[in-house]
Amino acid sequence: MTNFNEIKGFAFDLDGVITDTAKFHAQAWQQVADKVGTNWTEDLADGLKGISRMDSLEMILKAGGHENDYSQAEKEKLAAEKNDNYVQLIKTLTPDDILPGMLDFIKSLQASGYKMSLASVSLNAPVILKSLGLTDAFEGIVNPASLKKGKPDPEIYVRAAEVMKLDPKQVIGVEDAAAGVTAINGANETSLGIGNSDVLHEADLIFPDTAAVTIEAIKEKMG
Ligand code: G6P
Ligand code: MG
């Protein structure tokens, strides 16, 4: 594994790492699942984490065997409906919704001179960062609309290193989803997974929750 003193920057996923929008995504997608007749399960909800809007819809349709039942226009309408509901739900977000420990972690990275970029496939990420009061902490946000492929493809994490003008080897990617950890590893960055170690077993470093993530703890694990 890379030595910690080579690390110069952090690429953050947003949903499930900085704030818990996963519950809002799940709530909004469940309405779509009910509408198309796909049974909503925890496994399905987990598998959607980190997956782009249209890819998520495809997974929901497929899970119920409905992948051939909707035209492209109908799919776009379903995705737009989901987003309208989701946008209503995230209107309530404030800086108090930053996950435990994450504000301190981000501030300590800033104070120690690390660069930060955002590697979220969410088209709503700029609005969410603004609601959380975190926009200025980041060097930049990868524009998900410009990506050819979503996670687990490494593209977004390669771009997140470019935003910071760093070599991928100098970057730690921070994720809560298996698809995201795969993307970080594919980009040749160090992967830091937050959550269940069974789900995130591919990660170089695993932390049980956001509160456990500190510079000191990372240093200790990496050596
Ligand atoms: C994140 C979430 C996914 C979501 C995706 C797209 O990666 O983990 O659940 O589908 O962003 O979000 P958007 O806000 O563009 O629909
Ligand atoms: Mg996530």
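Student: Which is Asp15, buried or exposed?
Tutor: In this predicted model, local features need pLDDT of at least 70 and side-chain atom pairs pLDDT 80 or more, while totals for chains, interfaces and linings use all residues. Residues are numbered from 1 along each chain as its sequence is written, chains are lettered from A and ligands numbered from 1 in written order, and side-chain values use heavy atoms, leaving out hydrogens and water. Asp15 has a relative accessible area of 14%. Buried means under 20%, exposed over 50% and partly exposed in between (1.4 Å probe, protein chains only), so Asp15 is buried.

Student: Asp13 is buried as well, at 3% relative accessibility; which side chain makes a polar contact with the side chain of Asp13?
Tutor: Beyond four places in sequence, Asp13 is in contact (heavy atoms within 4.5 Å) with residues including Ile18, Tyr157, Glu175, Asp176 and Lys151. The polar contact of its side chain, at 3.1 Å, is with the side chain of Lys151.

Student: Which residues touch Asp15, not counting those up to four places away in sequence?
Tutor: Happy to list them! One of these residues, Asp176, also touches Asp13. The full set for Asp15 is Thr21, His25, Tyr86, Ser120, Ser122, Ile128 and Asp176.

Student: How many Å apart in space are Ser112 and Pro144, C-alpha to C-alpha?
Tutor: Ser112 is partly exposed because its relative accessible area is 48%. Its side chain reaches the backbone oxygen of Ser108 at 2.9 Å. Pro144 is 32 residues from Ser112 in sequence, and in space the two are apart by 28 Å.

Notes
Polar contact = N/O pair within 3.5 Å; in protein donor to acceptor, adjacent residues only side chain to side chain.
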